[in-house]
Amino acid sequence: MEFGVSNGLLSMNKQGGSMNKLILYPTEADFHIAHQPAFIETLRQMGFIGDLFTQRKRGGYLVGSNFFSLITFLGCLPFVPIEPTNEGEFCYIDISPIQKEAQFLASSRLREVRCPKCRNEEKNWQQVVAQWIEDKKNFKYECPKCGHYAPITRLNWKRKAAITRWAIEVHGIYESEAVPNDSLLQALKQQTDVVWDYCYQSEENKS
Ligand SMILES: [Zn+2]
């Protein structure tokens with residue numbers, strides 16, 4: 001359940017969790033909710049999340065009764081089971097604890113980052129992230145090509161990174177295999193007064 005934080009970078013928890021996740025996150029990096037339990041209860045009432053479960057090193061919420069009308073699987077059928085399995089991945093939901101400050105969550109597949117204005121590829125994005133970590137409050141990205149200034153959250157991370165204090169993680173979803181429906185994003189916005197977006201995390205198979 002907890003993030004592995006090293007040097008301010010938030011990495012996936014390799015012991016528990018899944019290798020592949022859909023991440024829903026508020027687009028204001030510093031945003032957090034005053035009362036997370038009420039928010040979680042709303043997700044339950046919507047049928048997005050179901051019962052709590054723990055299984056070995058995994059824990060979270062089973063998918064709720066309305067899950068498949070809030071998330072669209074783009075293929076024919078979801079590839080992963082929605083019931084706990086002893087081996088391999090299954091689809092469940094985890095709501096991360098709220099971190100003290102925004103963290104950078106990146107997929108191992110993150111390669112390409114672009115300026116939100118001129119689409120220039122920022123090849124030194126790792127350096128950009130390091131600079132942001134140094135001074136999160138005052139950091140502004142300056143595009144070397146067009147001179148556009150942007151907060152780090154506005155760079156085009158190609159849905160492979162998020163900058164946030166907390167997130168909803170839907171485990172067992174492969175990159176681009178499923179997308180949140182507008183009704184889900186709208187409901188999250190209504191609950192929190194901020195716009196939500198999504199990205200994917202995946203861990204590359206080393207073999
Ligand atoms: Zn630019």
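**Exercise 1. Strand β8 and its partner**

Task: Determine which residues of β8 are buried or exposed on each face, and find which strand is joined to β8.

Solution:
- The model is predicted. In it, β8 spans residues 103-106.
- Take one side: Q103 and L105 are buried.
- Take the other side: F104 and A106 are buried too. Both faces of β8 are therefore covered, given that a residue is buried when 20 or more other C-beta atoms lie within 10 Å of its own.
- The partner is β11, residues 161-164. Four bridges join the two strands, which run antiparallel.
- For the register, place L105 opposite A162 in β11.

**Exercise 2. A161 and the core**

Task: List what A161 touches, leaving out residues up to four places away in sequence. Then state which residues of the largest nonpolar core touch the most other members.

Solution:
- A161 touches F104, L105, A106, S107, L110 and C199.
- The largest nonpolar core has 44 residues.
- Those touching the most other members are L22, I23, L24, A161, A162 and A167.
- As background, nonpolar side chains tend to be buried together in soluble globular proteins.

**Exercise 3. The six-stranded sheet**

Task: Work out the strand order of the open sheet, and explain why β4 and β14 each have one side without a neighbour.

Solution:
- Start with β12, residues 168-171. I168 and V170 are buried on one side, E169 and H171 on the other.
- β12 pairs with β3 (residues 20-26) in the antiparallel sense, over four bridges. Here I23 stands opposite E169.
- β12 also pairs with β7 (residues 92-95), again antiparallel and over four bridges. Here I95 stands opposite I168.
- Next take β4 and β5 (residues 58-63), an antiparallel pair with five bridges. F53 stands opposite G60 in β5.
- The full order is β4-β5-β7-β12-β3-β14, with antiparallel pairing.
- β4 (49-55) and β14 (196-202) stand at the edges. Each has a single partner strand, so one side of each is left without a neighbour in the sheet.
- From one strand to the next, the twist averages 30°.

**Exercise 4. Placing S69**

Task: Say where S69 sits, classify it as buried, partly exposed or exposed, and give its C-alpha distance to F48.

Solution:
- S69 lies in helix α2, residues 67-70.
- S69 has 13 C-beta neighbours inside 10 Å. A residue is exposed at 12 or fewer and buried at 20 or more, so S69 counts as partly exposed.
- S69 and F48 are 21 residues apart in sequence. Their C-alpha atoms are 8.8 Å apart in space.

Definitions and conventions. Residues numbered from 1 in each chain as written. Predicted model: local features only at pLDDT ≥ 70, side-chain atom pairs only at ≥ 80, totals over all residues. Pairing = 2+ DSSP bridges. Axes fitted to C-alpha atoms, helices over the stretch in contact; angles between N-to-C directions. Core = buried A, V, L, I, M, F, W, Y, C linked by C-beta atoms within 7 Å. Contact = placed C-beta atoms within 7 Å.
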